[in-house]
Amino acid sequence: MKAFVRGALCAAALWGGAALAQAEDRPIAEPRMRSAETVEFNDSGRKRADTGIYAQLGGGLEGYTGQLAPEVTPGFSYGAALGYRPHAFFAVELGYSGGLSDIDSRMGLLDDGEGGPDIVRNAGQAVIVGNFTDTRLQPYVLTGIGLDRYNVRNDARGAVRGFSDDTSGYVPAGAGLRYQMGNLITADARVNYNFLFDQDFAPGGRAPGALDGRYSAMLSLGGTY
């Protein structure tokens, strides 16, 4: 009887060891793949900003400071931008902006009866954008280099004497706030101050100082793709 009990215990021990070894050799099930629609979150639990190519289009107001402030009245501005954001905190951007301004009547405007702006400005710029957060609500700053083209109505159409067509460079410095709504639409509010290389389109061809520049405020809508 004792021999039978000892044999049974030995058999049970051998069976248990074999079962445990088989369980250890069994492969662990792989976790489920995350759904493609899962929203990414940052370390603080808030939704991340999208990266990739983005485009936006907008309009606003622009004006001049310093020497040009009493001579050129604030006017309508508009623009478009195409950029690439490889990382949530960084982007590079190419932009176009335009402006329509009137020269103050005290500067000697001879009305030609056709109306319209006295100065039409077209510009292109390349900027670097630095974002302060990686969330969908992003405050940011920017700087870069730009080129302006001013077109002034000529004397034959009754323009202001002393203003003329000109091409000049500028350095943009700006700040803004971007918000990504859903997976596509982006709203952007931006203010810029442009340090002008010169003011040769204005009478006298004066060399501008740091306070002689152009400001603008613009609201834009676009998307990230």
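What volume does the largest cavity have? About 280 Å³. Keep in mind that this is a predicted model. With a threshold of 30 Å³ or more, the count comes to one cavity.

The lining of this largest cavity has 23 residues, and those closest to the centre are Tyr-96, Ser-97, Gln-125, Asn-192 and Met-218. Six strands each give two or more residues to the lining: β1 (52-64), β2 (75-87), β3 (90-101), β4 (119-131), β7 (185-196) and β8 (213-224). Sorted by class, there are 11 polar, six nonpolar and six charged lining residues.

Now the charged pairs. The structure holds seven salt bridges, and I will go through three.

One is between Glu-93 and Arg-190, with 2.9 Å between the closest N and O atoms. Glu-93 sits in strand β3 and Arg-190 in strand β7, so this pair links parts of the chain 97 residues apart. Buried means under 20% relative accessible area. Glu-93 counts as buried because its relative accessibility is 4%, and Arg-190 counts as buried because its value is 10%.

The other two share Asp-148, in strand β5 (residues 137-152). Arg-121 forms a salt bridge with Asp-148, at 3.1 Å between the closest N and O atoms. Arg-121 belongs to strand β4, 27 residues from Asp-148, and both residues are buried.

Arg-214 also meets Asp-148 in a salt bridge, 3.0 Å from N to O. Here the separation along the chain is 66 residues, with Arg-214 in strand β8. Arg-214 is buried too. Through shared partners, Glu-62, Arg-121, Asp-148 and Arg-214 form one network of salt bridges.

Notes. Residues numbered from 1 in each chain as written. Predicted model: local features only at pLDDT ≥ 70, side-chain atom pairs only at ≥ 80, totals over all residues. Heavy atoms only, no water. 1 Å grid on protein atoms, 1.4 Å probe; cavity = no way out; pocket = protein on both sides within 12 Å on 5 of 7 lines; lining within 4 Å. Points joined across faces, edges and corners; volume = space filled by probe spheres on them. Helix = DSSP H or I, 4+ residues; strand = E, 2+ residues; numbered from the N terminus. Nonpolar A, V, L, I, M, F, W, Y, C, P; charged D, E, K, R; others polar. Salt bridge = Lys/Arg side-chain N within 4 Å of Asp/Glu carboxyl O. Buried < 20%, exposed > 50% of the residue type's maximum accessible area, 1.4 Å probe, protein only.
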